[in-house]
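Reader: Please take me through one part of this model in close detail. Pick a helix and what packs against it, then set that part in the rest of the chain.

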Amino acid sequence: MGQPGVSELARWQERFLRHVAIERGLSEHSVAAYRRDLTRYVQWLVSVERTKLAHVTSADVQDFLASLRAGERPLAASSVARIVSTVRSFHRFLLDEGAVAENVAAELRAPKQPSRLPKAITVDEVDRLLAAARGETTVALRDSALLELLYATGARISELVNLNVDDVADLDVLRVRGKGDKQRLIPVGSYAKAALEQYLVRARPELSAKGSFTPALFLGVRGGRLSRQSAWHVLANTAKRAELSDKISPHTLRHSFATHMLQGGADVRVVQELLGHSSVATTQIYTLVTRDALRDMYITSHPRALRG
């Protein structure tokens, strides 16, 4: 059972990796992940004496899936899902190339992953973050306006960097273009309004003078539209100064906006409208967060919440 079969598996593994790298144009990082997953799969096949592709059955593929979730250190559901995707792609490739007569992984399904609640930071942590962004320099005025607006509106960062000056109506309302180019209007709170006014009066003219005319609201140091990547650098650097680096990730302020609105008594459908969700079901995940917070508060506050 040995080397010839192993060589066949290894040969097709390399052909598949060349396919995803060249024909599908995947990054080195993605190809490396495919290689790790396939190596694990091929080694398992060899360990159960399935050294020829023609000998691999759908039962073998299901047994491999079971092995990922067994033992003293079973893989997390997210890791299993990634490996399942790799194995399915590999067997689909084998069928397309005529190496096998059937796709034995066609019915392979990843385990259902638990719902992940959005992560939000506390109001005090938001205050720390926004305080860390303040300053009198041109860039600091821009950064402060950007982050204040992120939290005040719950907009996606991609939506904010795509704003034009004309999208700010008297500084009181923001006109945002969301997914599918759908527009929505979002009120702007007093703190964000003040930061935005300071930026427009004191900082944006200076930044604009460094580049060609652009209608963009937020500008980079060379006068062009601030990129999404640069905006995330602003957030990451500010979080580091506020000692919140481990808590800030993409969408953090958006999640915090929604959570704090609901905790403050806002109707879920209002929050849905402000976030630009097409379905209220998407917004309702935030109600789970606030429900847990309310339950904890009740247990610690009500004299008859717990016995003993």
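**A close look at helix α10**

Author: Of the 308 residues of the protein chain, 42% count as buried. The model is a predicted one. Its secondary structure comes to 13 helices and three strands. Among contacts with a separation of 6 or more, 57% are between residues 24 or more positions apart.

Now to helix α10. This helix covers residues 252-263. It has twelve residues. From first C-alpha to last, α10 reaches 16 Å, close to the 16 Å expected at 1.5 Å a residue. The helix is mostly covered, with ten of its twelve residues buried. The buried set begins with T252, L253, R254, H255 and S256. It goes on with F257, A258, T259, H260 and L262.

Next, the two flanks. Ahead of α10 lies a loop that follows α9 (228-241), and E243 sits in that loop. Phi of E243 is near 60°, a positive value in a residue other than glycine. E243 has a relative accessible area of 66%, over the 50% cut-off, so it counts as exposed. Just after α10 comes G265, with a positive phi of about 105°.

Which helix does α10 meet? Its axis and that of helix α6 (residues 138-153) come within 7 Å. Two packed helices are described by the angle between their axes and the distance between the axes. Here the axes cross at roughly 40°. That crossing makes α6 oblique to α10. On the α6 side, the contact is made by L147, L150, Y151, A152 and T153. On the α10 side, L253, S256, F257 and H260 take part. Six residues of this contact are nonpolar and three are polar. None is charged.

One residue of that contact deserves its own paragraph. L253 is found in α10. Its relative accessible area is 3%, under the 20% cut-off, so L253 is buried. What does L253 touch, apart from residues up to four places away in sequence? Its partners are I121, L129, L147, L150, Y151 and L235. Among these, L147, L150 and Y151 belong to the α6 side of the helix contact. L253 also has a distant part of the sequence beside its backbone to consider. K119 is 134 residues away along the chain, yet the C-alpha atoms of K119 and L253 are separated by 9.2 Å.

For a second helix, take α4 (residues 77-96). Its 20 residues should span 28 Å at 1.5 Å a residue. The end C-alpha atoms are 28 Å apart, which agrees. Buried residues of α4 include V80, A81, I83, V84, T86 and V87. Further along, S89, F90, H91, F93 and L94 are buried too. Just after α4, G98 takes a positive phi of about 80°.

T86 has its place in α4. T86 is buried, with a relative accessible area of 3%. Leaving aside neighbours within four places in sequence, T86 is in contact with Y34, D37 and L38. The loop between α2 (28-47) and α3 (58-68) holds E49. E49 is not a glycine, although its phi is positive, at about 65°.

The strands complete the picture. Strand β1 (residues 168-169) runs antiparallel to β2, and two bridges join them. V168 stands opposite L174 in β2. The two strands form a hairpin with three residues between them. In that turn, D170 has a positive phi of about 55°.

Strand β2 (residues 173-177) has two faces. L174 and V176 lie on the covered face. V173, R175 and R177 lie on the uncovered one. On to strand β3 (residues 183-187): five bridges join it to β2, and the two run antiparallel. R175, from the uncovered face of β2, stands opposite L185 in β3. β2 and β3 also form a hairpin, with five residues between them. G180 in this turn has a positive phi of about 70°.

Back to α10, in brief. The helix is mostly covered. It lies oblique to α6. L253 is buried, and L253 takes part in the contact with α6.

Technical notes:
Residues numbered from 1 in each chain as written. Predicted model: local features only at pLDDT ≥ 70, side-chain atom pairs only at ≥ 80, totals over all residues. Heavy atoms only, no water. Buried < 20%, exposed > 50% of the residue type's maximum accessible area, 1.4 Å probe, protein only. Helix = DSSP H or I, 4+ residues; strand = E, 2+ residues; numbered from the N terminus. Pairing = 2+ DSSP bridges. Axes fitted to C-alpha atoms, helices over the stretch in contact; angles between N-to-C directions. Parallel < 35°, antiparallel > 145°, perpendicular 65-115°, else oblique. Contact = heavy atoms within 4.5 Å. Nonpolar A, V, L, I, M, F, W, Y, C, P; charged D, E, K, R; others polar. Expected span 1.5 Å × (residues − 1).
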